[in-house]
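Let's take a walk through this fold, one piece at a time. Have the viewer open and rotate along as we go.

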Amino acid sequence: MIFSVDGTKLKDAASKVARATAYHPSKPVLQNMEIVAHKDGLTLRATNLDVVIKVHVEANVTEEGRTCAHAGMLISAASSLASENAKFKLSGGLEVAGESFRCVVPTSDPDEYPSFPLPSLTYTPAPEIFKALSLAAIAAWNKAEGAAVSPIMGCVRLRADNGKM
């Protein structure tokens, strides 16, 4: 796997995806994010087994491949690159080479990473989602006690059915 990408774009995408990694995971692989290099660029994906976040990043891919890297270390490496166009190569670890920065980010076997199918959803405008969440939160609030009726009533469940949220 060999690719080059703008450090700032990679850092921004990895920071978004890392929100789904587990802080104190039961499985160490859940601190990682999956990196897939394909002809259209990079796909970064992470999960904590409850939430999955997947982001596409524009990149120049010379050799396709797939690996997993520690999310925090990947973000640190990308942050050190700033806006440089850096080269990445999978060779024992993910070698990162920019004009002013070099490092190797440890990797793990991508086949050990959990795989979840992501539903293909139609676009739902943010105001509609905000309105639905607001109505659910108001319904779960107990005005007399100033708190949610019960912990489960303070939660909102999002469900995807037939391509719709």
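What follows goes from the overall picture to the two sheets, then the helices, the core and one odd loop residue.

First, a caveat: this is a predicted model. The chain has 165 residues, and 31% of them are buried. Its secondary structure adds up to three helices and 12 strands. If you like contact maps, take the contacts between residues at least 6 apart in sequence: 64% of these join residues at least 24 apart. As for the outside, the accessible surface is about 10,400 Å², with 55% of that belonging to carbon and sulfur atoms.

Now the sheets. Start with the open one that has five strands in the order 5-1-7-8-9, paired antiparallel. Strand 5 (60-63) and strand 9 sit at its edges with a single partner strand each, so one side of each has no neighbour in the sheet. On average, and ignoring direction, neighbouring strands here are turned by 20° against each other. At one end of that order, strand 1 and strand 5 run antiparallel and are joined by three bridges. To find the register, look for Ser 4, which stands opposite Asn 60 in strand 5. At the other end, strand 8 (residues 94-97) pairs with strand 9 (residues 102-105) over four bridges, again in the antiparallel sense. The link between strand 8 and strand 9 is a hairpin through four residues. A handy marker there is Ala 97, whose bridge partner in strand 9 is Arg 102.

The other sheet to look at is also open, with five strands ordered 4-3-2-6-10 and antiparallel pairing. Its edge strands are strand 4 (52-57) and strand 10, each of which pairs on one side only. Moving inward from strand 4, you reach strand 3 (residues 41-47), which pairs antiparallel with strand 2 over five bridges. Val 36 has Thr 43 in strand 3 as its bridge partner. On its other side, strand 2 (residues 32-38) is held to strand 6 (residues 65-70) by six bridges, also antiparallel. There, Ala 37 is matched with Gly 65 in strand 6. Strand 6 then pairs with strand 10 (residues 107-108) over two bridges, in the antiparallel sense. Cys 68 stands opposite Ser 108 in strand 10.

So how do the helices sit against all this? Helix 1 (residues 7-18) lies across strand 1 and strand 7, at about 90° to strand 1. Helix 2 has contacts with both sheets. It lies across strand 7, strand 8 and strand 9, running at about 165° to strand 9. In the 4-3-2-6-10 sheet, helix 2 touches strand 2 and strand 6, and its direction makes about 95° with that of strand 6.

That brings us to the inside. In soluble globular proteins, nonpolar side chains tend to be buried together. Here, the largest nonpolar core has 35 residues, and those with the most contacts inside it are Phe 3, Met 33, Ile 35, Leu 44 and Phe 88. Helix 2 (residues 71-81) gives the most to this core, with six residues.

Which residues form the aromatic pair? The count comes to one such pair, and it is made by Phe 3 and Phe 88, stacked at 4.8 Å centre to centre with 5° between the planes. The two partners are 85 residues apart, with Phe 3 in strand 1 (residues 2-6) and Phe 88 in strand 7 (residues 85-90), so the pair links distant parts of the chain. Both Phe 3 and Phe 88 are buried. Leaving out residues up to four places away in sequence, Phe 88 touches a whole list of residues, including Met 1, Ile 2, Val 5, Leu 10, Leu 74, Leu 81 and Leu 94.

One last stop: which backbone angle stands out at Leu 49? Its phi is positive, at about 80°, although Leu 49 is not a glycine. You'll find Leu 49 in the loop between strand 3 and strand 4. Leu 49 is partly exposed, with a relative accessible area of 42%.

Notes. Residues numbered from 1 in each chain as written. Predicted model: local features only at pLDDT ≥ 70, side-chain atom pairs only at ≥ 80, totals over all residues. Heavy atoms only, no water. Core = buried A, V, L, I, M, F, W, Y, C linked by side-chain atoms within 4.5 Å. Buried < 20%, exposed > 50% of the residue type's maximum accessible area, 1.4 Å probe, protein only. Contact = heavy atoms within 4.5 Å. Pairing = 2+ DSSP bridges. Areas by Shrake-Rupley, 256 points an atom, 1.4 Å probe, with all protein chains shown as cover. Axes fitted to C-alpha atoms, helices over the stretch in contact; angles between N-to-C directions. Phe/Tyr/Trp six-rings, centres within 6.5 Å; stacked < 30°, edge-to-face > 60°.
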